[in-house]
Amino acid sequence: MRLFAWGLLASMLAAALHDVSRAWDVWYYHLPFAARIAGIVPASEYAYDAMNQARFDGFPLLGEALQGLLWRVTGRPECANLVAFATLPLFAWFMRRRFDVPMHVSIIALLAVPLVQIHATSCYVDLPANTAATIVVMIAIGAWAERDDAPSDRMLVLAIASAIVAANMKAMMQPIVLVALLALGARIRHRRRVVVIGALLLPIVFATPLKNLIVHHNPYYPVALEIFGRTLPGPDDPYSSSPVWLEHAPRPIRFACSVLELGVRSLGDTKRWTVDQWTPPEAPGYRMGGFFGLYVIVHIILLAWRAVRERADRVVRVAALGVVLVTAMVSVLPQSHELRYYMTWMMTLVSVNVWLARRSKQEAPQYAYAAALALVLVLTRGAYAYPSGESFRELVHTEVSDAALGKALGNVHDGERVCVEHPPWNFLWAARFHAPRAYAVTEGCTATPSL
């Protein structure tokens, strides 16, 4: 089992180092933001349109900063994928140190979740943000499950560091992190110094919304919000999207339908699971699923069975209650049915189950996790588990061929600024990727010449 886990992880590392994603968000803002932060493609060479500039000004950008750092150090944009990939072994290490779960068991159980597997070799920031949030949640659950004055100072430091990462990578993690930290703080006794230090670090945890509140008068800029009858400014409308058949359903109902994968593509469809669960908007599975509904049911049954069978065990009771509370919270959050935003829920459910199985010295569940992982690999043709895509150089040549570039820039001189409107591939037209040309690009403008 160990060989299977580490062999698969090694193959996925090779994929992360070679493949670049074709997903829209990667090229529309993740890598353009990473390149600007790292000074690889500065604003003088590539200017965003008004909405992307607002996103750059307001979004939490820790994930993109780390991606840009890896790109700059290695000289390869493919290495930006390592921000997401690294979260898997790091989380498995955390589960080993805190809950005594063998690393290979955590890796297998988590990679059986399609969205986790897919995001581990992508340039999205959902997985690292959700993983960091899950660490905070699991530390809080573990603290309440134990009878002593938990958690240790080391775990408190890790919880705060993870909260900083999660909250400054993805705004949707901020409510989860806040509640988990409050629950953790309520468990601490007789450690005033630790509590004071933790309170002083809260502004760092919520640095992005505090900065936005001061600079833009809206903690979630660029999204315009209305709170208690007062409008907070922003150029973007709140995102709201769902399958037509669930448009008027309460958020918890949408969430339940999504985790059970109601309406998604058939099991035989290789596009059943994708990085963003995109389908045509009229499809019943639009933005739905991604956790493998059957796998979700297995984990829920396992936890419920254990909670009933071992109800006298405080650890089991508290762990099960923790999952229930996380479910109640996540299910009512905005766009809760778009599961890539809230992988924390599934990661918590899986982590609690592997922890409780380890406490009971049960080996059987890990074979069920391995079977689920094998089935996911078969259904996806292993596309996310080995180098199966294009390198960055190949992608640039595919989307901006030499012939297309020559035709478009035939009358453009070095130093001129041109407008490019080929979303999401605008960024690939930057002169940095077409040396020795030295023109400048503005995306989505009305300037001339327009490409």
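# A tour of cavities, pockets and one helix

The second largest cavity has a volume of about 40 Å³. The model on screen is predicted, and the tour starts inside it. To see what encloses this space, select L115, V275, D276, Q277, R287, G289, E338, L339 and R340, the residues that line the second largest cavity. By class, this lining holds 3 nonpolar, 2 polar and 4 charged residues.

Next, go to the largest cavity, with about 50 Å³ of space. Select its lining: V264, R265, K271, R272, T274, Q277, W278, T279, G285 and M288. These residues divide into 3 nonpolar, 4 polar and 3 charged. Q277 lines the largest cavity and also the second largest cavity. In total, the structure holds 4 cavities of 30 Å³ or more.

Now turn to the pockets. The second largest pocket contains about 700 Å³ of space. Select S21, R22, A23, V275 and Y384, which are the closest to its centre among the 24 residues that line it. The lining of this pocket has 10 nonpolar, 8 polar and 6 charged residues. V275, already selected for the second largest cavity, is part of this pocket's lining as well.

Move on to the largest pocket, which has a volume of about 1300 Å³. Which residues lie nearest its centre? Select F59, M172, V223, Y239 and Y341; the full lining has 39 residues. They divide into 22 nonpolar, 6 polar and 11 charged. Colour the helices α2, α3 (50–58), α11 (174–187) and α13 (207–216), each of which supplies at least two residues of the lining. The largest share, 5 residues, comes from α2.

Keep α2 on screen and add helix α4, residues 62–74. Helix α4 has 13 residues and reaches 18 Å from its first C-alpha to its last, close to the 18 Å expected at 1.5 Å a residue. Select G63, E64, Q67, G68 and W71, the buried residues of α4. Why are they on the same side of the helix? They cover an arc of only 130° around the axis, which puts them on one side of α4. An α-helix has 3.6 residues a turn, so residues three or four places apart point the same way.

What covers these buried residues? The cover includes α2 (24–37) and α5 (82–85). Rotate to the face of α4 turned away from its buried side, where the exposed residues R72 and V73 sit. Finish just past the helix at G75, which follows α4 and has a positive phi, near 75°.

Definitions and conventions:
Residues numbered from 1 in each chain as written. Predicted model: local features only at pLDDT ≥ 70, side-chain atom pairs only at ≥ 80, totals over all residues. Heavy atoms only, no water. Helix = DSSP H or I, 4+ residues; strand = E, 2+ residues; numbered from the N terminus. Expected span 1.5 Å × (residues − 1). Buried < 20%, exposed > 50% of the residue type's maximum accessible area, 1.4 Å probe, protein only. Arc of directions from axis to C-beta. Contact = heavy atoms within 4.5 Å. 1 Å grid on protein atoms, 1.4 Å probe; cavity = no way out; pocket = protein on both sides within 12 Å on 5 of 7 lines; lining within 4 Å. Points joined across faces, edges and corners; volume = space filled by probe spheres on them. Nonpolar A, V, L, I, M, F, W, Y, C, P; charged D, E, K, R; others polar.
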